[in-house]
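Visitor: Please pick one part of this model and take me through it slowly. I'm a first-year student, and I'd like each term spelled out along the way.

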Amino acid sequence: MSNRNAFYAQSGGVTAVINATACGVIEAARRNADRIGTVFAGKNGILGALREELIDTGGLADADVARLRHTPGGAFGSCRYKLASLDDDEKEYRRLIDVFRAHDIGYFFYNGGGDSQDTAHKVSLLGDRLGYPVNCIGIPKTVDNDLPATDTCPGFGSVAKYVAISVREAALDVASMCETSTKVFILEVMGRHAGWIAAAGGLAKTGRDGAPHVIVLPEVPFDEQRFLEKTRDAVERVGYCVIVVSEGARYPDGRFLSDSGASDAFGHAQLGGVAPMMAELVRARLGFKFHWAVADYLQRAARHVASATDVEQAYAVGRHAVELALAGKDSVMATIVRTSDAPYRWELGDAPLERVANIERRMPKSFISRDGFGITAAARRYLEPLIAGEDYPPYAAGLPDYVAFAGTTEPKKLAAFAT
């Protein structure tokens, strides 16, 4: 198994720090060049393996690899692509093993969320069954912060910081004009089933009357009348109301407030548009002038205000993934283990992929205020260390100076494969 090549792929929605993880993987592999040969990156994620489009990262200068640490997005391309069930159809998984065999790949590092951890687990199982063992290591990545077995997920801390900053700044704007203009501002953030990002907006709040005044979480069934009462109360008491709503907010019967009826590549309901829907509700029932915004890609691409904690942890799990593989670990995910809240301390660990795959971690009840529209002190203790510190990228001509790669791929050795 010595000196075999490695395959690294980015999966799903990218983050402000996923390339820091790529940096950690590549640099750790280069420090162990006597045990790991070439690190191939998948062009557009797992599709790069299925299509045999492998980028040889050995051609990247050390300085450019280092620049990945402060570059957002997915440097090698990512994708939303769910492989078929291993029980129903092994074709795609067998293709992965064929590509790995053709390029002497013995290590598979998959950087993504729950579906990605499931894929890594299945590749490990099938590789063993086919007589071509591959050390499969999952690397956590999701802004939703909903993976189990890890204290936090790289990507979340920076989104949380961006949202908290945006809420505080927007609130100052609204407060300045509320006497004669906007009374209600609504910010829609990501979070399908778990309200971690919306909860992070609560970090902006100072004092009883500070913004946000209302947080709408997926974990709390949406009560329209109580929502309107909270909104009216804030406007009457403070002069304005700032609301943070998760895209995954649900009615008591489980329906999403913003379900468009469409589905994404993973079969998940396509969400978006809850902010304008709630704004119209406020206008129709309360008559207040409003503005709304959707953070959308801005929240997960905002490397210029990334959390220093998040950047450090993203890099560390990439490095740790390589260390786990070299230690002979297989079918595990690198994890972050919190050992202390104050002062904040953490270390690295690992968890079996079968305990991680397709399991969503939601906000615990102890983190949600009794009225369901805010966060508790326990939530603050958990969240505040994750947004701590600044790690600004270098700037050139007034803008962040990010790195980009051409993405030249290796010559193919196998027949084409339809995806």
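**A strand on the inside**

Guide: Let's start with strand 8, residues 241–246: six of its six residues are buried, so the strand is largely enclosed by the rest of the structure. Buried means under 20% relative accessible area, exposed means over 50%, and partly exposed is in between, using a 1.4 Å probe and protein chains only. Strands are DSSP runs of E with at least two residues, helices are runs of H or I with at least four, and both are numbered from the N terminus. Keep in mind that this is a predicted model, where local features need pLDDT of at least 70 and side-chain atom pairs 80 or more, while totals for chains, interfaces and linings use all residues. Residues are numbered from 1 along each chain as its sequence is written, and side-chain values use heavy atoms, with hydrogens and water left out.

Now turn strand 8 around and look at its two faces. C241, I243 and V245 are on one side, V242, V244 and S246 are on the other, and all of them are buried. Both faces of the strand are therefore covered.

What sits beside it? Strand 6 (residues 184–189) is joined to strand 8 by six bridges, and the two run parallel. Strand 7 (residues 214–216) also runs parallel to strand 8, with three bridges between them. Strands count as a pair if DSSP finds at least two bridges. Find V245 in strand 8 and you can see both links: E188 stands opposite it, and V216 stands opposite it too.

Stay with V216 for a moment, since it takes us to some empty space. V216 is one of the residues lining the largest cavity, along with I215, L217, V220, P221, F222, D223, G372 and F373. A cavity is a set of points on a 1 Å grid over the protein atoms alone where a 1.4 Å probe fits but cannot get out, and lining residues have an atom within 4 Å of a point. The structure holds one cavity of 30 Å³ or more, and the largest has about 40 Å³ of space. That volume is the space filled by probe spheres set on the points, which are joined across faces, edges and corners.

Just before strand 7 there's a quirk in the backbone. The peptide bond from A211 to P212 is cis, with omega near 0°, and P212 lies in the loop between helix 7 (196–201) and strand 7.

For another cis bond, go to strand 10 (residues 332–340) and strand 11 (residues 345–352). Eight bridges join these two, and they run antiparallel. I336 has L348 in strand 11 as its bridge partner. A hairpin of four residues leads from strand 10 to strand 11. The bond from A342 to P343 is cis, again with omega near 0°, and P343 lies in the loop between these two strands.

Next, look for rings. There are eleven aromatic pairs in the structure. Rings of Phe, Tyr and Trp (its six-membered ring) pair if their centres lie within 6.5 Å; planes under 30 degrees apart are stacked, over 60 edge-to-face, and the rest tilted. F76 and F405 have ring centres 5.8 Å apart and planes at 20°, so this pair is stacked. F76 lies in the loop between helix 3 (62–67) and helix 4 (91–102), and F405 in the segment after strand 13 (399–400), so the pair ties together parts 329 residues apart in sequence. F76 and F405 are both buried.

F100 and F108 make a tilted pair, 5.5 Å centre to centre with 55° between the planes. F100 is buried, at a relative accessible area of 0%, and F108 is buried at 0% as well. F100 and F108 form one aromatic cluster with F7 and Y110.

Finally, two backbone oddities. N44 has a positive phi of about 65° although it is not a glycine. It is found in the loop between strand 2 (36–42) and helix 2 (46–50), and it is partly exposed, with a relative accessible area of 30%. D296, another residue other than glycine, has a positive phi near 45°. D296 lies in helix 10 (residues 296–301) and is partly exposed, at 39%.

Note on methods:
1 Å grid on protein atoms, 1.4 Å probe; cavity = no way out; pocket = protein on both sides within 12 Å on 5 of 7 lines; lining within 4 Å.
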